[in-house]
Amino acid sequence: MGFTFAYRLILVVAIASVLGISLANKDWGSPNFNYTGWGWGWGWGWGSSKSNHTGQGFNNHPLNETQGPKKIIVGGSENWHFGFNYSEWAFNNAPFYFNDTLVFKYDPPSNTTFPHSVYLFSDRWSYLNCDLKRAKMVANATQGGGDGFEFVLKRWTPYYFACGERNGFHCKVGGMRFMVMPLFRWHY
């Protein structure tokens, strides 16, 4: 009973967090309601003398404007290789949104490079244990060359990625795993 309650509580917290983050940068459209520009629009508050609906004021940063889907190279300039912490990379490059495309770039196997692949885990437990039995290969060792392998985030679900080479050794020891949870983009 307590175990299922804990799962339900985690699910509620996760949903509330996703919705809260998704709504955080939404400009509600009222000139007197400056949700993201720090000034309150009523003549008081931080930066109120310069703050306005455009988000200029105390922090001097414009409001985040919602953009369309992006192509994101996994690992940035590091690409997809053994020994890089992709969980940290994903944390530092979040948030990810629906229809963003993750691009996995890696060298095809040769005499001087180890092969890499991309696996998608079906659940968190398999991901945490690098258990490939319940994972699905979405890109083989040759698909990361050239422009790379592209994976589009199409569902509101956690995506658990890892390299499946050496029976999960790259996942377990080499840091080649990460998780993303795509968020909604709000258009207004």
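**Exercise 1. Work out whether C130 is buried or exposed, and find its bonding partner.**

Step 1. Start with the cover around C130 in this predicted model. Its relative accessible area is 4%. Buried means under 20%, so C130 is buried.

Step 2. Now look for a partner. C130 is joined to C171 by a disulfide, with 2.0 Å from S to S. Two cysteine sulfur atoms have to be within 2.5 Å to count, and the count comes to one disulfide.

Step 3. Place the two ends. C130 sits in the loop between α3 (124–129) and β4, while C171 belongs to helix α4 (residues 169–172), so the link ties together parts that are 41 residues apart in sequence.

Step 4. Check the other end and the twist. C171 is buried too, at 1% relative accessible area. The angle about the S-S bond is -75°, and the link of C130 and C171 is left-handed.

**Exercise 2. Explain why C163 has no disulfide bond.**

Step 1. Find the closest cysteine sulfur to that of C163: it is in C171.

Step 2. Compare the distance with the cut-off. The sulfurs are 8.3 Å apart, which is too far for a bond, because a disulfide needs them within 2.5 Å.

Step 3. Note the surroundings: C163 counts as buried, with 0% relative accessibility.

**Exercise 3. List the salt bridges and say how covered their residues are.**

Step 1. Get the total. The structure holds three salt bridges.

Step 2. Take K71 and E150. Their side chains meet at 2.8 Å, N to O. K71 is in strand β1 (residues 71–73) and E150 is in strand β5, so this pair ties together parts that are 79 residues apart in sequence. K71 is exposed at 57%, whereas E150 is partly exposed at 39%.

Step 3. Go on to R134 and D123, whose closest N and O atoms are 3.4 Å apart. R134 lies in the loop between α3 and β4, and D123 in the loop between β3 (118–121) and α3, so the parts they tie together are eleven residues apart in sequence. R134 is exposed, with 54% relative accessible area, but D123 counts as buried at 16%.

Step 4. Finish with K133 and D131, where the closest N and O atoms are 4.0 Å apart. K133 is exposed at 73%; D131 is partly exposed at 24%.

**Exercise 4. Describe the surroundings of Q143.**

Step 1. Locate Q143: look in the loop between β4 (135–139) and β5. Q143 is partly exposed, with a relative accessible area of 36%.

Step 2. Leave aside neighbours within four places in sequence, and Q143 is in contact with Y106, V138, G148 and F149.

Step 3. Look for a polar partner. A polar atom of the Q143 side chain lies 2.7 Å from the backbone nitrogen of N140.

**Exercise 5. Find the nonpolar surface patch and place W156.**

Step 1. Gather the members. L11, I15, W156, F184 and W186 make a nonpolar surface patch of about 430 Å².

Step 2. Zoom in on W156, found in the loop between β5 (149–152) and β6 (159–162). W156 is partly exposed, at 34% relative accessible area.

Step 3. Step back to the whole surface: the protein exposes about 11800 Å², and carbon and sulfur atoms supply 59% of that.

How values were computed. Residues numbered from 1 in each chain as written. Predicted model: local features only at pLDDT ≥ 70, side-chain atom pairs only at ≥ 80, totals over all residues. Heavy atoms only, no water. Patch = residues over 30% accessible without salt bridge, like charges linked within 9 Å, V, L, I, M, F, W, Y side chains within 5 Å. Areas by Shrake-Rupley, 256 points an atom, 1.4 Å probe, with all protein chains shown as cover. Helix = DSSP H or I, 4+ residues; strand = E, 2+ residues; numbered from the N terminus. Buried < 20%, exposed > 50% of the residue type's maximum accessible area, 1.4 Å probe, protein only. Contact = heavy atoms within 4.5 Å. Polar contact = N/O pair within 3.5 Å; in protein donor to acceptor, adjacent residues only side chain to side chain.
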